[in-house]
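Hello,

Here is the structure I promised to pass on to you. Have a look at it first, and then read on for what turned up in it.

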Amino acid sequence: MKKMLLLLLLLQFFISSCDNRNFLIETSNKNFEAYKLDFDAKFFDQFPKKITSPYTDIISNTNRRKNDIGLFLYENDVPLNKINQFKQRVLNSAIATYKATDTCLLVVNRFETEESYKSFERVSSIDSLQIDRDCAIKNYPVPNFISSNYSATKNKIKLDESFDIYVFEAKSGNNFPNYTLQPSPQMPKKWGNGYSKGVAISEKKK
C-alpha cells in the first residue's frame with residue numbers, strides 16, 4: 001500500500017510539474033506576442049517564433065525620452081543541443097561577433113545606472129572620451145543589459161562574461177516611424193539614432 005501511495009504521489013507530482021511548465025511556456029508566448037505589437041516585425045525577426053523554455057524573461061523598453069527602445073527575450077535552461085544548432089545558424093547570419101569581455105564595445109546608453117534606469121531620469125554623468133573612441137569606430141551598437149534580472153556589473157555591457165554577442169543587422173538613423181527619436185547624447189554622432197539587432201549566447205548561462 002505504501003509503494004502504491006508513493007507511486008501515486010510521484011505520478012501526481014510529475015503531472016503537476018508538467019502542467020506548471022506548460023502554463024509558464026503558454027503565458028510567456030502570450031506575453032511575447034503582446035509585446036511584439038509595439039515593434040515593427042523587422043525589429044524582432046531574429047527571435048524564435050515560439051518560446052519553448054518555462055524559464056523566460058521578456059523586457060520591452062519603449063521610453064522615447066531616454067532613447068531607450070528595445071525588446072529583450074531571455075531564455076534559460078535551453079538544452080545544449082538546441083544552443084549548438086542555433087549557433088550554427090547564427091554564425092552564418094552575423095555581420096559581427098563580440099565577446100561580453102571586449103574592452104571597446106559600442107554600448108547603447110553605456111552610462112545608464114540602475115538608479116537612472118529605474119527612476120526614468122536622464123543620465124547626468126557622461127564621459128565624452130568614452131563616446132568617440134577610435135577602437136570602436138567600426139563597431140556596431142550592442143545593448144546595455146542593465147534591464148535584465150541577470151545583469152552583471154563587472155563590465156560596461158552588464159552581461160556575464162561567458163556570453164558571445166552576434167549582431168545580425170545595424171543601421172543608423174530613424175528607421176521606424178513609431179519611434180522617431182532625438183539623437184542620444186550617450187552615443188557617437190554616427191549612431192545618435194539607429195538600431196541594431198542580434199542575439200547573445202552563453203553555454204554556461206544557458
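Cys-104 is buried, because its relative accessible area is 12%, under the 20% limit for that class. Please keep in mind as you read that this is a predicted model. The partner of Cys-104 is Cys-135: the two form a disulfide, with their sulfur atoms 1.5 Å apart. The link joins distant parts of the chain, 31 residues apart. Cys-104 sits in the loop between S3 and strand S4 (106-107), while Cys-135 belongs to the loop between helix H3 (114-119) and strand S5 (141-142). Is Cys-135 buried or exposed? Neither word fits, because Cys-135 has 48% relative accessibility and so counts as partly exposed. The torsion about the S-S bond is about 75 degrees, so this disulfide is right-handed. The count of disulfides comes to one.

Next, the strands. Strand S6 (residues 164-172) pairs with strand S3 (residues 96-99) in the antiparallel sense, over four bridges. If you would like a place to start looking, Tyr-98 has Ile-165 in S6 as its bridge partner. S6 also pairs with strand S7 (residues 194-201), again antiparallel, and here there are eight bridges. In that pairing, Tyr-166 stands opposite Val-199 in S7.

Tyr-98 comes up again in the interior. The largest nonpolar core has 19 residues, and Tyr-98, Val-142, Ile-157 and Leu-159 are those with the most contacts inside it. Strand S2 (68-75), S3, S4 and S6 each supply at least two residues of this core. Which of them gives the largest share? That is S6, with three residues. There is also a second, separate core of twelve residues, and among them are Phe-39, Phe-43, Ile-51 and Tyr-179.

Last, the empty space. How many cavities of 30 Å³ or more are there? The count comes to one, and the volume of this largest cavity is about 40 Å³. Its lining includes Leu-105, Leu-106 and Val-107, as well as Arg-110, Gln-130, Ile-131 and Arg-133. Ala-136, Gln-186, Met-187 and Pro-188 line the cavity too. By kind, the lining residues divide into seven nonpolar, two polar and two charged.

I hope this helps you find your way around.

Best wishes

Notes: Residues numbered from 1 in each chain as written. Predicted model: local features only at pLDDT ≥ 70, side-chain atom pairs only at ≥ 80, totals over all residues. Heavy atoms only, no water. 1 Å grid on protein atoms, 1.4 Å probe; cavity = no way out; pocket = protein on both sides within 12 Å on 5 of 7 lines; lining within 4 Å. Points joined across faces, edges and corners; volume = space filled by probe spheres on them. Nonpolar A, V, L, I, M, F, W, Y, C, P; charged D, E, K, R; others polar. Pairing = 2+ DSSP bridges. Disulfide = S-S within 2.5 Å. Buried < 20%, exposed > 50% of the residue type's maximum accessible area, 1.4 Å probe, protein only. Core = buried A, V, L, I, M, F, W, Y, C linked by side-chain atoms within 4.5 Å.
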